[in-house]
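Student: Hey, can we go through this structure together? I'd like to start with how the chains meet.

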Amino acid sequence: MKTLTKEMQAAITPSMALDLLKEGNKRFVNNLKVNRNLLQQANETSDGQHPFAVILSCIDSRTSAELIFDQGLGDVFSVRIAGNIINEDILGSMEFGCKAAGSKIIVVLGHTKCGAVKGACDHVEMGNLTALLSKIQPAVYDENTVKENRNSGNAEFVEKVSTINVKRTVTAIMERSTILKEMIEAGQIGIVGGTHDITTGKVTFYQDTLIINNPN
Amino acid sequence: MKLKFILLTILAIASIQQVSAQKQKNKKKSNPEIPAPVIDSAKWRAEHYIINRDSAYANPRIGLQKLMGGNRRFIEGKTIRPRQDSSMIKKLETGQTPFAVVISCSDSRVPNEMVFDQGFGDLFIIRTAGQVSAEASFGSVEFAVLKLKSKLIVVLGHTECGAVAAAVDRPENPPGHIVALINAIKPAVAKSSHMMGDPVNNAVRQNVLEQVNVLRELEPVLSRKYFNGEILIVGAVYDIHTGKVEFLPETLLNLPQPNTKLKTEEKH
């Protein structure tokens, strides 16, 4: 596994970027992680970063994007916020990761047993958490198949809300960021949503959220 | 009486040593081909700056030592990559007890787990470009402090940060939402503009100091806990050339002391 250079980054297409992530997650799950010289990678990237993916994931200490996708230093532009929601600063970060840093794919990555999603399911209101959870709230209302026990005690409900939340975030990125929408439409970058199972480490991508356009 | 006590302690120590020696013997017997793991030795632990995870979780000052030790391993090229296997996350299925909350930049060259040589369950990480924080980030920190009982909060900037550089350059037409980042970092640029040296790296440092102060004053949770000495909020800058994390001395001075200390002082 070589450290990404500008040329290597330019040669990666959005679908190749997604494959790199899929392969990396397979390595992680099977405990076949690549042995990297991190210090050397730090040295090789000191003149600039050329990541191939922007991953919007959760702050949970069990969901490190670099670790679960077995990536090294300089590979992933990692944006992390509770419940992988969208904000001005988060959108700005993702735009920076794609437009300025040249990433090829955006992944919105939720995870099972997410504390923030559980908080939204229970309608928790506390300090600055209120503002944060209000961004997940629409996903709670969108979920209309579970009729009883619509709270964090119901694992099925929590996971359904989590899935909707990821899909809503994917849509929101397209709706709220003209830059990213144009880059996706032009095929310069791709976008996909997915979920990380924190008990197995396995990442599942939601095929219905995947947009990779042909650059022609 | 004293002599008896000393004798007893000597006896106790001797018996403990005997037991551990026997344990090691047993270990060797059960695995004749595999040499005893060196990672158990005190020497190895000292050489790799190993600090107990539970102590780091219980005491933010020890947590800080643990982060510093992990970064030393990283820059000395002797990372141990602890708790990074997929088997580890199965163990954490029921919950997490991260000993530190790190608010850092999204830059791909600053993967927090790697530069601090920590693993799953250790660090609660919030990352945006230029570690710019709004309500969602604040809410995320409060979640870690209230729900997960993390006691150490580190704001981690890095040299040559692209978002900070954009705030220094102030382009006329910044694309999209990048202007939100520029506006958030701009006060730090203004405060550091008179300084000698590299304007971007000066602003990076100032930006971290500003962000530390915002968190220390943040209502309703963090300010109270910080001034009660229940949590630590410190700032640091990662050097993308050397890999070294410098904890900013300004943020390590005059820290509020925990209440427990006050109580013991009262007793005297």
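Tutor: Sure. On the chain B side, 60 residues are in contact with 62 residues of chain A. Keep in mind that this is a predicted model.

Student: OK, and how much area do chain B and chain A bury between them?

Tutor: About 4,900 Å², with 60% of it on carbon and sulfur atoms. The size of an interface is often given as the accessible area lost when the parts come together.

Student: How many salt bridges are there across the interface of chain B and chain A?

Tutor: The rule finds four. One of the salt bridges pairs Glu66(A) with Arg127(B), and their closest N and O atoms are 2.9 Å apart. The rule also finds 24 residue pairs in polar contact across the interface, both residues being at pLDDT 80 or more.

Student: Which parts of chain B supply the side that touches chain A?

Tutor: Several elements of chain B give at least two residues each, including helix H4 (60–75), strand E2 (123–128) and helix H7 (135–146). H7(B) has the largest share, nine residues.

Student: And what kinds of residues are on that side of chain B, by class?

Tutor: There are 28 nonpolar, 19 polar and 13 charged residues on the side of chain B that touches chain A.

Student: New topic. At what angle do H8 and H9 of chain B pack?

Tutor: About 70 degrees, and the axes of H8 (residues 162–169) and H9 (residues 178–192) are 8 Å apart. That angle is why H8(B) counts as roughly perpendicular to H9(B).

Student: Which residues meet there, in H8(B) and H9(B)?

Tutor: From H8(B), you have Ala163(B), Val164(B), Ala166(B), Ala167(B) and Val168(B), and they meet Ile182(B), Ile185(B), Lys186(B) and Val189(B) of H9(B). By class, that contact has eight nonpolar residues, no polar ones and one charged.

Student: Nice. Now the backbone: where is the residue Pro220(B)?

Tutor: Pro220(B) sits in the loop between helix H10 (199–216) and helix H11 (222–227) of chain B. A cis peptide bond joins Glu219(B) to Pro220(B), with omega about 0 degrees.

Student: Last one: what is the phi of Asn31(A)?

Tutor: Phi is positive there, about 60 degrees, although Asn31(A) is not a glycine. You'll find Asn31(A) in the loop between helix H2 (14–29) and helix H3 (38–44) of chain A.

Methods: Residues numbered from 1 in each chain as written. Chains lettered and ligands numbered in written order. Predicted model: local features only at pLDDT ≥ 70, side-chain atom pairs only at ≥ 80, totals over all residues. Heavy atoms only, no water. Axes fitted to C-alpha atoms, helices over the stretch in contact; angles between N-to-C directions. Helix = DSSP H or I, 4+ residues; strand = E, 2+ residues; numbered from the N terminus. Parallel < 35°, antiparallel > 145°, perpendicular 65-115°, else oblique. Contact = heavy atoms within 4.5 Å. Nonpolar A, V, L, I, M, F, W, Y, C, P; charged D, E, K, R; others polar. Buried area = accessible area lost by both parts, 1.4 Å probe. Salt bridge = Lys/Arg side-chain N within 4 Å of Asp/Glu carboxyl O. Polar contact = N/O pair within 3.5 Å; in protein donor to acceptor, adjacent residues only side chain to side chain.
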